[in-house]
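Here is a friendly briefing to read alongside the coordinates. Have the viewer open, and follow the residues as they come up.

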Amino acid sequence: MKIHTYEKLWLVAAMVLIVGIIATITYGTVGLGIAMVDDQEDTISPNDLGEDERFSDPRVEQVGENEYEAYVIAQTFTYQPNPIEVPENSEVTFYVTSRDVIHSFSLVGTNVNTMVVPGEVASITAEFDEPAEYGVVCNEYCGSGHHDMEGMVYVLP
Ligand code: CUA
């Protein structure tokens, strides 16, 4: 049996499309030198953040040659630490929790975007390949100051 050339082309095109869709879902590539790698959750007591070794001192910590962890607290209507500073060519895992109500941690112009729920630690890993500035905004209505809830991530050269 002989498959017509055009049919083969369509088959190949369909395969490429399917693989592309799966890759997009799996890796969530967003361009602009940043890619989402991972996204998962963990639990915590929102009233005891002061006793949690990660969140008693919100900060960015170097954990490998090009690997960093950022421990971030969202609360009405701020993020700590702010700004968050990381070097270029780094892989950063953000661990974000809330001290009060539901917020989000969303890097403008990227798909680094996670809901921040009190009692849970959202974690999201991103690769920063080049110097950049990203605004951090809250996409979940959290009260009168919601629209002013902002932070910054600086990717430094
Ligand atoms: Cu925090 Cu809206």
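## Strand 7 and its surroundings

The side chain of S106 makes a polar contact of 2.9 Å with the side chain of S104. Keep in mind that this is a predicted model. S106 sits in strand 7, and that strand is a handy starting point for the tour below.

**S106 and its strand**

- Strand 7 (103-107) is mostly covered, with five of its five residues buried.
- H103, F105 and L107 point one way from the strand, while S104 and S106 point the other way, and all are buried.
- Why does S106 count as buried? Its relative accessibility is 4%, and the cut-off for buried is under 20%.
- Leaving aside neighbours within four places in sequence, S106 is in contact with V112, N113, G135, V136, V137 and N139.

**Strand partners**

- Strand 7 pairs with strand 8 in the antiparallel sense, over four bridges.
- Two residues of strand 7 can be placed against this partner: S104 stands opposite M115 in strand 8, and S106 stands opposite N113 in strand 8.
- Strand 8 (residues 113-116) has a covered face made of T114 and V116, and an uncovered one made of N113 and M115. The residues opposite S104 and S106, namely M115 and N113, are thus those of the uncovered face.- Strand 7 and strand 8 form a hairpin with five residues between them, and G109 in the turn has a positive phi of about 80°.
- Strand 7 is also joined to strand 10 by two bridges, and these strands run antiparallel. The bridge partner of S106 in strand 10 is V137, a residue that is also listed among the contacts of S106.

**Beyond the hairpin**

- V117 is placed in the loop between strand 8 and strand 9.
- The C-alpha atoms of V117 and T97 are separated by 6.5 Å, although these residues are 20 residues apart along the chain.
- Not counting residues up to four places away in sequence, V117 touches T97, S98 and I102.

**Nonpolar cores**

- The largest nonpolar core has 25 residues, and Y79, F94, F105, L107, F128 and V153 touch the most other members.
- At least two residues of this core come from each of strand 3 (67-75), strand 5 (84-87), strand 6 (90-98), strand 7 (103-107), strand 9 (120-128), strand 10 (132-137) and strand 11 (150-156).
- Strand 3 supplies the largest share of this core, four residues.
- Another core, of six residues, lies apart from it, and its members include I44, F55, Y71 and I73.
- Which residues does L107 touch, not counting those up to four places away in sequence? They are I34, V112, F128, Y134, G135, V136 and V153.

**Aromatic pairs**

- A pair of aromatic rings is described by the distance of the centres and the angle of the planes.
- The count of aromatic pairs comes to six.
- Y79 and F105 form an edge-to-face pair, at 5.9 Å centre to centre and with 75° between the planes.
- This pair links distant parts of the chain, with Y79 in strand 4 (residues 78-80) and F105 in strand 7, 26 residues apart.
- Are the two partners buried or exposed? Y79 counts as buried because its relative accessibility is 5%, and F105 is buried with a relative accessible area of 0%.
- F94 and F105 form a tilted pair, at 5.2 Å centre to centre and with 45° between the planes.
- F94 lies in strand 6 and F105 in strand 7, so this pair ties together parts that are eleven residues apart in sequence.
- Both F94 and F105 are buried.
- Y79, F94, F105, F128 and Y134 form one aromatic cluster. Y79, F94, F105 and F128 from this cluster also appear among the core residues that touch the most other members.

Note on methods: Residues numbered from 1 in each chain as written. Predicted model: local features only at pLDDT ≥ 70, side-chain atom pairs only at ≥ 80, totals over all residues. Heavy atoms only, no water. Core = buried A, V, L, I, M, F, W, Y, C linked by side-chain atoms within 4.5 Å. Buried < 20%, exposed > 50% of the residue type's maximum accessible area, 1.4 Å probe, protein only. Contact = heavy atoms within 4.5 Å. Polar contact = N/O pair within 3.5 Å; in protein donor to acceptor, adjacent residues only side chain to side chain. Pairing = 2+ DSSP bridges. Phe/Tyr/Trp six-rings, centres within 6.5 Å; stacked < 30°, edge-to-face > 60°.
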